[in-house]
Structure formats: C-alpha cells, structure tokens
Amino acid sequence: MQLVKGYQRFISPLLPASCRYYPTCSTYMIQALAKHGFVKGLIMGVARVLRCNPFIKGGLDPVPDFFTVRRNPDPQKNLAESAHFDFHR
C-alpha cells in the first residue's frame, strides 16, 4: 500500500488527469488490498489497471465485496460501502 500511496503523492500530481474510472486505479488498488488481502487485492488492482484503456467507457467501478478480475457488476450496491474510503488520487 505504501508504494501506491507514494505514487499518489509524488508521481500522480506530475501527470495529466486521465482517469477513466471512479475511484481512480490507485485508490481502487488500496481499497482492494484492504478489503481482500495482499494476493487477491493485488490481482484485482492489476486487472483494473489493465482494463483501463482508450476502448472502454469507464465510469463508476468501486471494489466489489467478492473477488473478481472483472468490472464491478453492481457498482451502486458497493458504492455506499466504499464511501468511507478516501477517494483522492
């Protein structure tokens, strides 16, 4: 998590805003690690980064309650639970 937080603090501010998803991929990674543990959280976070490309719609995609490498099938259900996380870059 510290590596991702370092990216958020020192590298992300230097790059143009280009996030296609909410929460951002770095915030998603931190939330996935906290919710699902190191191995599953890392897999979910990497899968999210790989999903982020110019050919996708983007939009709301909070970390689901269950392990998956696909986009959250019910983002509204998990949005309320994700509201206690800090959604910053």
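This is a guided tour of a predicted model, moving from the whole chain to helix 2, its neighbours and a few single residues.

**The whole chain**

Begin with the entire protein chain coloured by secondary structure, where you should find four helices and two strands. Followed from the N terminus on, these elements come in the order α-β-α-α-β-α. If you then colour by accessibility, buried residues account for 35% of the 89 residues in the chain.

**Helix 2**

Next select residues 25–36, which form helix 2. The twelve residues of this helix should span 16 Å at 1.5 Å a residue, and because its end C-alpha atoms are 16 Å apart, the expected and modelled values agree. Ten of the twelve residues are buried, so helix 2 is largely enclosed by the rest of the structure. To see which ones they are, show the side chains of Cys25, Ser26, Thr27, Tyr28, Met29, Ile30, Gln31, Ala32, Leu33 and His36, each of which is buried. Step just past the end of the helix to Gly37, where the backbone takes a positive phi of about 85°.

**The neighbours of helix 2**

Two packed helices are described by the angle between their axes and the distance between the axes. Keep helix 2 in view and add helix 3, residues 38–51, which packs with helix 2 at an angle of about 155°, the two axes being 7 Å apart. That angle makes helix 2 roughly antiparallel to helix 3, and the crossing between helix 2 and helix 3 is right-handed.

Now hide helix 3 and show helix 1, residues 2–11, which packs with helix 2 at an angle of about 155°, with their axes 10 Å apart. Helix 1 is therefore roughly antiparallel to helix 2, while the crossing of helix 1 with helix 2 is left-handed.

**Strand 1 and the cis bond**

Move to Tyr22, which has its place in strand 1 and is partly exposed, with a relative accessible area of 40%. If you draw a distance from the C-alpha atom of Tyr22 to that of Gly59, the two are 5.9 Å apart in space, although 37 residues separate them in sequence. Then look at the peptide bond that leads from Tyr22 to Pro23, which is cis, with omega near 0°. Pro23 itself belongs to the loop between strand 1 (21–22) and helix 2.

**A charge over a ring**

Select Tyr21 together with Arg51, and turn the view until you look onto the tyrosine ring: the charged end of Arg51 sits over the ring of Tyr21, 5.9 Å from its centre. A search for aromatic pairs, in contrast, finds zero of them in the whole structure.

**The loop after strand 2**

For the last stop, select Asp65, which lies in the loop between strand 2 (59–60) and helix 4 (75–82). Asp65 is partly exposed, its relative accessible area being 34%. Show His36 as well, one of the buried residues of helix 2, and compare the two positions: Asp65 and His36 are 29 residues apart along the chain, and their C-alpha atoms are separated by 8.3 Å.

Conventions:
Residues numbered from 1 in each chain as written. Predicted model: local features only at pLDDT ≥ 70, side-chain atom pairs only at ≥ 80, totals over all residues. Heavy atoms only, no water. Expected span 1.5 Å × (residues − 1). Buried < 20%, exposed > 50% of the residue type's maximum accessible area, 1.4 Å probe, protein only. Phe/Tyr/Trp six-rings, centres within 6.5 Å; stacked < 30°, edge-to-face > 60°. Lys NZ or Arg CZ within 6 Å of the ring centre and 35° of its normal. Axes fitted to C-alpha atoms, helices over the stretch in contact; angles between N-to-C directions. Parallel < 35°, antiparallel > 145°, perpendicular 65-115°, else oblique. Left-handed = near helix turned anticlockwise from the far one by under 90°.
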